[in-house]
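Here are some notes on the model you sent over, set out as numbered points so that you can go through them with the viewer open.

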Amino acid sequence: TELVHYESWNAAFRESFGVTMSGDHRQIIGLSLDQFFDKLAQENVLSEELTDEQKRNLLERKTLFFYVIGAQRLEAMPGINKLILDARKLGWYVAVASRSRRLRLLRTLTLVGLATPFDLILATEDVVNEEVDRKEHARAAHVFGIDPASCIVIEDSPSGVDDAVLSGIGKVIGLTTSFDRTALLAAGAHDVVDSLRDVVLE
């Protein structure tokens with residue numbers, strides 16, 4: 001969803017201020033909302049400092065653009081349905097832990113047809129430790145009464161991989177949809193794949 005998020009922010013900026021961010025979507029992956037707005041200020045993307053009300057309005061517009069663009073562009077990752085089925089056959093739990101807000105996460109899963117296959121869906125309100133700004137994947141394991149060291153997590157960004165490793169996840173798999181193998185391994189990934197079709201559960 002990262003590219004759609006990026007395009008949606010640019011659509012909101014273009015509509016409100018007549019500007020867009022330069023670069024590509026990878027620069028905003030893993031950022032909290034506060035970090036995102038700090039980045040805009042540091043890089044002088046906007047000519048004025050945004051008030052809290054302006055930030056809220058921008059987020060509302062961005063979210064609407066995300067739903068419109070996402071309805072046309074988003075689809076489930078190749079291999080995800082088989083991967084979930086394989087986990088089910090092994091008797092494993094399947095969970096989502098995301099930095100997205102709950103309503104947007106649920107709407108996104110619905111858009112790609114994945115609203116029901118998961119035993120647990122954790123949004124940023126549930127899984128992000130705001131004091132250290134880390135996604136604590138182990139919270140999902142604790143819900144099921146499972147040792148995090150017995151879990152597998154798939155992440156597509158260095159920050160996500162780093163968070164999973166620090167959560168004590170036993171096997172962290174990097175997915176090269178946005179970042180290359182070198183960056184994911186440097187963040188601590190135990191294995192790296194180019195597609196979910198390449199993930200073997202055992």
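**Notes on the fold and its details**

1. Buried residues account for 42% of the 202 residues in the chain. Please keep in mind throughout that this is a predicted model. The accessible surface of the chain is about 11,200 Å², and carbon and sulfur atoms hold 49% of that area.

2. On the overall build, the chain has nine helices and seven strands. Its radius of gyration is 17 Å, close to the 17 Å that the globule rule gives for 202 residues, so the chain is as compact as a globular protein of that length. Taken along the principal axes, the C-alpha atoms fill a box of roughly 55 × 30 × 30 Å. Among contacts with a separation of 6 or more, 54% join residues 24 or more positions apart.

3. Which residues have the most contacts inside the largest nonpolar core? They are I84, L114, F118, L196 and V199, in a core of 23 residues. Two or more residues each come from α3 (52–73), α4 (80–89), α5 (102–111) and β6 (171–175). Of these, α4 gives the most, with four residues.

4. L114 is a good place to start looking at that core. Setting aside neighbours within four places in sequence, L114 is in contact with A76, I80, N81, I84 and L109. One of these partners, I84, is also listed with L114 among the residues with the most contacts inside the core.

5. Now to the aromatic residues. The structure holds seven aromatic pairs. One of them joins W9 and F13, which are stacked with 5.7 Å centre to centre and 20° between the planes. The angle explains the label: the pair counts as stacked because planes under 30 degrees apart are classed that way.

6. Where do W9 and F13 sit relative to each other along the helix? Both belong to α1 (residues 2–17), and because they are four residues apart there, about one helical turn separates them. W9 is buried at 5% relative accessibility, and F13 is buried at 0%. The pair is also part of a wider group, as W9, F13, F36 and F37 form one aromatic cluster.

7. L59 offers a link back to W9. This leucine lies in helix α3 and touches W9 and L33, not counting residues up to four places away in sequence. Is L59 buried, partly exposed or exposed? With a relative accessible area of 26%, L59 is partly exposed. Its C-alpha atom is separated by 19 Å from that of E130, which is 71 residues away along the chain.

8. Two arginines deserve a look for their placement over rings. The charged end of R61 sits over the ring of F65, 5.2 Å from its centre. For R107, the ring is that of Y67, and the charged end sits 4.1 Å from the ring centre.

9. H25 is in the loop between α1 and α2 (33–42). Is H25 buried or exposed? At 16% relative accessibility H25 counts as buried, because the cut-off for that class is under 20%. Beyond residues up to four places away in sequence, H25 touches E2, L3, Y6 and S178.

10. C151 is another buried loop residue, with a relative accessible area of 18%. Its loop runs between α7 (138–143) and β5 (152–155). Leaving aside neighbours within four places in sequence, C151 is in contact with A141, I146, I169, G170 and K171. If you want a distance to the core residue F118, the C-alpha atoms of C151 and F118 are 15 Å apart in space, with their positions 33 residues apart in sequence.

11. Finally, which backbone angles might you check? Phi of N44 is near 55°, a positive value in a residue other than glycine. N44 lies in the loop between α2 and α3 and counts as exposed, at 62% relative accessibility. Phi of D133 is near 50°, again positive in a residue other than glycine. D133 lies in the loop between β3 (128–129) and β4 (134–135), and at 21% relative accessibility D133 counts as partly exposed.

How values were computed. Residues numbered from 1 in each chain as written. Predicted model: local features only at pLDDT ≥ 70, side-chain atom pairs only at ≥ 80, totals over all residues. Heavy atoms only, no water. Phe/Tyr/Trp six-rings, centres within 6.5 Å; stacked < 30°, edge-to-face > 60°. Buried < 20%, exposed > 50% of the residue type's maximum accessible area, 1.4 Å probe, protein only. Lys NZ or Arg CZ within 6 Å of the ring centre and 35° of its normal. Rg over C-alpha atoms; globule rule 2.2 N^0.38 Å. Contact = heavy atoms within 4.5 Å. Areas by Shrake-Rupley, 256 points an atom, 1.4 Å probe, with all protein chains shown as cover. Core = buried A, V, L, I, M, F, W, Y, C linked by side-chain atoms within 4.5 Å.
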